[in-house]
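Work through the exercises below with the model open. Try each task before reading its solution.

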Amino acid sequence: MSLRIDFGIEGGFAALPGLAKPLRIDCADLSKEEAARIEALVRRADIFHLRLPAHVASIPDARTYTIGVDDGSQHRMLRVEEPIADDAMRELVAELRGHAARLRRAGT
Amino acid sequence: MRRDPFPRHRRRCGCCPIVPPELLRRIAQNGTKPQREAALATLATDHSLRFARATAQLLGGPARRITLAAAEFMPHRTIFDAGHREALPGKAVRVEGQRAPRDVEVNEAYDGLGATFAFYADVYDRNSIDDAGMPLDASVHYGVRYDNAFWNGRQMVFGDGDGEIFNRFTASLDVIGHELTHGVTADEANLVYLGQAGALNESISDAFGSLVKQYKLGQTAAEADWLIGEGLFTRRVKGVALRSMKAPGTAFDDPVLGKDDQPATMKGYVHTTADNGGVHTNSGIPNHAFYLTAIALGGHAWEVAGRIWYETLRDRRLKANATFRQFAVLTVTTAAQGFGAAEGKAVAAAWQGVGIDASMGSRRLARRGDRGAP
């Protein structure tokens with residue numbers, strides 16, 4: 001089964017209810033290259049085993065990303081706060097932001 | 001000319017705050033050794049301009065250069081290009097006094113920081129974020145199609161926007177004023193970024209962000225649009241701005257972005273764990289109270305309404321975890337004691353207009369005769 005990711009963006013200077021509402025990114029709907037790239041980033045970020053750093057204090061206008069990942073056998077829900085220190089997670093979030101923007105444009 | 005109701009030495013310094021810097025300087029020169037050391041320590045701890053000048057006269061070398069630079073009330077801007085990466089600060093591309101390069105975002109950030117610095121210096125006699133000439137650093141071209149701007153505790157950061165929903169975040173002067181004001185708030189009251197204190201933190205940034213724009217345009221409270229982030233949305237979005245202080249909840253209504261969900265009064269207060277307890281949502285309530293205050297007092301909003309909010313932010317009684325009501329009570333007290341009974345009543349009425357009764361607590365504070373001044 002391909003990866004399915006629910007992705008939302010909370011907060012930020014431009015905090016908007018439409019961005020916070022999670023959007024489904026289904027790798028089955030993407031091109032082979034796009035799906036492979038996301039799957040590789042999910043593996044690199046080690047989403048299913050990752051230990052997030054403890055919350056300290058929020059930075060004004062920094063955003064929190066809600067990321068729910070399901071590969072058919074495992075599910076993990078994460079809240080990732082900016083600034084994102086981990087390179088793989090930062091790349092994954094940037095990739096998901098791009099896909100979410102395209103889906104919103106398409107009216108999904 | 002009217003006497004300034006808020007003398008500049010009314011600072012949060014907890015060490016030796018009631019002694020004027022001139023007296024401290026004399027002690028540092030002529031006192032016993034322990035007295036000299038204590039006076040110098042106090043001068044070094046309080047970064048207000050008068051203290052900086054006094055310290056500058058006592059010290060030579062680098063410290064003298066730093067404090068004199070602070071005393072000059074000149075901005076020290078550096079704009080960095082993050083090169084579409086999410087690493088800060090990036091490469092310095094324009095420093096203070098340099099000619100404008102061919103980069104719209106760089107120049108908008110440079111000019112916006114300059115306008116914000118000028119606002120705080122001219123109106124509130126404040127020398128940069130920390131009132132001690134702190135350099136103003138900002139990074140532009142942060143991330144790829146990044147839809148945000150933020151203050152990271154040391155500098156401002158601006159994304160280019162995705163071009164679909166958002167334009168570049170340097171396009172709106174009140175955004176730059178908003179982010180820089182987060183630095184001012186951290187320096188003065190350090191309001192925690194959670195719940196009502198977080199919404200106050202956001203609201204203060206919106207209020208002074210709007211005032212920076214109004215000051216630049218020379219607008220009265222009645223003439224101002226009271227919009228936050230006007231010009232950030234592309235033409236595809238059904239909305240005029242991100243937030244409206246005049247009419248919270250009406251800034252946008254778009255099929256993709258949803259409807260502006262800011263409440264104008266406590267009846268609409270949103271209980272949520274998202275966005276640090278809805279800091280960008282519930283800020284609509286104090287935002288609207290500030291707008292109502294500014295309209296009631298009339299004229300240029302930065303002169304009286306803004307001054308009341310600014311002095312409240314500097315008041316040592318404002319706790320880091322302040323509630324809306326606690327903040328409201330302090331604004332009423334500040335208005336009544338700094339300007340007069342009519343102004344105090346106008347501020348109390350504005351808070352009443354958003355569903356917060358601030359009159360009772362402010363009378364108690366006034367009876368205690370404690371102005372929060374050191």
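Helices here are DSSP runs of H or I with at least four residues, numbered from the N terminus. The model is predicted.

**Exercise 1. Get an overview of chain B.**
Find how many helices and strands chain B has, and what share of its residues count as buried.

*Solution.*
Step 1. Count the elements: chain B holds 13 helices and 9 strands.
Step 2. Check burial. Among the 374 residues of chain B, 52% count as buried.
Step 3. Look at the contacts in chain B with a separation of 6 or more: 58% of them join residues 24 or more positions apart.

**Exercise 2. Examine helix α11 of chain B.**
Test whether its end-to-end span agrees with its residue count. Then decide whether its residues are mostly buried or exposed.

*Solution.*
Step 1. Locate the helix: α11(B) covers residues 324-338, which is 15 residues.
Step 2. Take 1.5 Å times one less than the number of residues. That gives an expected span of 21 Å for α11(B).
Step 3. Compare. The end C-alpha atoms of α11(B) are 21 Å apart, which agrees.
Step 4. Turn to burial. A residue is buried if 20 or more other C-beta atoms lie within 10 Å of its own. In α11(B), 12 of the 15 residues are buried, so the helix is largely enclosed by the rest of the structure.
Step 5. Name some of them: the buried residues include B:Phe324, B:Phe327, B:Leu330 and B:Gln337.
Step 6. Look past the end. B:Gly340 follows α11(B), and its phi is positive, near 150°.

**Exercise 3. Place strand β1 of chain B.**
Which strands pair with β1(B), and in which sense?

*Solution.*
Step 1. Find β1(B) at residues 77-81; 4 of its 5 residues are buried, so call it mostly covered.
Step 2. Take one partner. β3(B), residues 136-142, pairs with β1(B) in the parallel sense over 5 bridges. Here B:Ile79 has B:Ala138 as its bridge partner.
Step 3. Take another. β2(B), residues 91-95, pairs with β1(B) in the antiparallel sense over 4 bridges. B:Asp81 is bridged to B:Lys91.

**Exercise 4. Trace the largest nonpolar core.**
Which residues touch the most other members of this core, and which domains supply it?

*Solution.*
Step 1. The core has 121 residues, and B:Ala109, B:Phe158 and B:Trp351 touch the most other members.
Step 2. Helix α7 of chain B, residues 195-217, contributes the most, with 9 residues.
Step 3. Domain 2 (77-171) and domain 3 (195-368) of chain B each supply at least three residues.
Step 4. Zoom in on B:Ala109. Beyond its neighbours within four places in sequence, its contacts include B:Ile79, B:Ala138 and B:Phe158. B:Ile79 and B:Ala138 are the bridge partners met in Exercise 3.

**Exercise 5. Describe two contact surfaces.**
How many residues meet between domains 2 and 3 of chain B, and how many between chains A and B?

*Solution.*
Step 1. The C-alpha centres of domains 2 and 3 of chain B lie 24 Å apart. Domain 2 gives 12 residues to their contact and domain 3 gives 13.
Step 2. On the domain 2 side, 8 are nonpolar, 3 polar and 1 charged.
Step 3. Between the chains, 25 residues of chain A touch 33 of chain B.
Step 4. In chain A, β1, α1 and α3 each give two or more residues to this side. α3(A) gives the most, with 6.
Step 5. By class, the chain A side has 14 nonpolar, 5 polar and 6 charged residues.

Terms used
Residues are numbered from 1 along each chain as its sequence is written. Chains are lettered from A and ligands numbered from 1 in the order in which they are written. This is a predicted model: local features need pLDDT of at least 70, side-chain atom pairs count only at pLDDT 80 or more; totals for chains, interfaces and linings use all residues. Two residues are in contact if their C-beta atoms, placed from the backbone, lie within 7 Å. Ala, Val, Leu, Ile, Met, Phe, Trp, Tyr, Cys and Pro count as nonpolar, Asp, Glu, Lys and Arg as charged, and the others, Gly among them, as polar. Two strands pair if DSSP finds at least two bridges between them. Domain bounds come from an automatic or database domain assignment. A nonpolar core is a set of buried Ala, Val, Leu, Ile, Met, Phe, Trp, Tyr and Cys residues joined through C-beta atoms within 7 Å.
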